[in-house]
Amino acid sequence: MILAKISKGNIPEFLKRLMASYEVVAPVEKEGKFAFSPVSDPAKVRLDYDTTILPPKQFLYPPEEKLMEFKRDGSAGKETIDTTKRVLFGLHPCDIWGIQILDWVFDGKFPDPYYRARKDNTLIVGLNCTSPRNEYCFCQSMGTYTVDKGYDIMLMEEGDNYMVHIKTDAGNQVIRKSSDLFTEVSAEDTNILSKDLVDKKMKAKFKRKLDTRNISELLDFTYGSPVWKEFGDRCLSCGACSYVCPDCYCFNVKDKLDLSLQNGERARTWDCCLYIDFARCAGGHNFRKDKATRLKMRFFHKEKSFVDDYGRPACVGCGRCIKACPAKIDLTEIFAKLRGV
Ligand code: SF4
Ligand code: SF4
């Protein structure tokens, strides 16, 4: 582990230097909300953001992407792989966890070259949390309020400075190139970073909680619970919860031809298990035509199948889905009711 320190005043200059070699994506304010956006003016980057509307997954797995071009005569298609050199700057630990979970999926049984190419060309600069960022966070329940891998550099706020934990060679290289902006740290500085201290401070502050004990088994036992209908009836099937989730990854693939009907392209777009036609198959039969079944499916996938397959839920407790839901559906409330709390 290598540690350094940078004053907050030097961050815009650091960003400017990164921008010479990378597309830098960082949180900026847009109409009173925050969004990860390619940076054109480092002074507009807001490291004091609470959360962003969409998670940073959109820069590794975009909402819509062209996978390949093809010709109707059957000649070989051309793959379109994005190899833009990019820095994702200022990610909170939950979003870094979110990307690690996507890695498991996209590097899994069917490795995805589109995701992998973007990830290989991405440098991740994290920003730690010392308290819940807003009323919706429950990352403490999900064990994602700190992170010890999945990033190249971590910034840890300390008064007028950021302590800098350099995790990888790639991170070390970019810091070395701007070494005049960084200073060495003292033994006293390193004490401040004690994980136990951060843990103690953080745990005391969370109001929103999700009890994850035996969560996979809980879902087995509550398969027929009226709670699913109660919340399903309120759902508008709008898909907002999936779109803002760092760990929803279902997609659709569509081919389309141009007007000559000779050339086409294949595109992948985000999909959502709450949409009415998500489980409609050839012949028109819909396996999940009522809203309660679709809502149940979302949580069975995230908190049961994913736990059974990967050992943890596909949720990092960022709270974005709770904030975004127009029907005020809150998964922490659903799980409390399933437990009868
Ligand atoms: S399910 Fe909700 S709280 Fe959990 S990671 Fe997705 S958006 Fe965040
Ligand atoms: S955001 Fe709310 S209303 Fe929309 S699909 Fe999700 S649970 Fe249903």
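Here is a quick look at two ligand sites and two helices in a predicted model.

Residues count from 1 along each chain, with chains lettered from A and ligands numbered from 1 in the order written. Local features need pLDDT of at least 70 and side-chain atom pairs count only at pLDDT 80 or more, while totals for chains, interfaces and linings use all residues, and side-chain values use heavy atoms without hydrogens and water.

Start with the ligands. Around ligand 2 (a heavy atom within 4 Å of it) you'll find C235, L236, S237, C238, G239, A240, C241, L274, C325, P326, A327 and I329. Ligand 1 has F138, C245, P246, R298, K302, C315, V316, G317, C318, G319 and C321 around it. Here's how the two shells split by class, with Gly counted as polar and Cys as nonpolar:

| Shell | Nonpolar | Polar | Charged |
|---|---|---|---|
| Ligand 1 | seven residues | two residues | two residues |
| Ligand 2 | ten residues | two residues | no residues |

Now the helices (DSSP runs of H or I, at least four residues, numbered from the N terminus). In α9, residues 227-234, the buried ones (under 20% relative accessible area, 1.4 Å probe, protein chains only) are V227, W228, F231 and G232. They share one side of α9, because they span an arc of only 120° around the axis, taken from the directions from the axis to the C-beta atoms. Their contacts (heavy atoms within 4.5 Å) are with α8 (215-221), α11 (291-310) and α13 (331-338).

α13 buries L331, T332, I334, F335 and L338. These fall within an arc of 160° seen down the axis, so they line one face of the helix. They pack against α8, α9, α11 and α12 (320-324). After α13 comes G340, with a positive phi near 75°.

Conventions
Buried means under 20% relative accessible area, exposed over 50%, partly exposed in between (1.4 Å probe, protein chains only). Helices (H or I, at least four residues) and strands (E, at least two) are DSSP runs, numbered from the N terminus.
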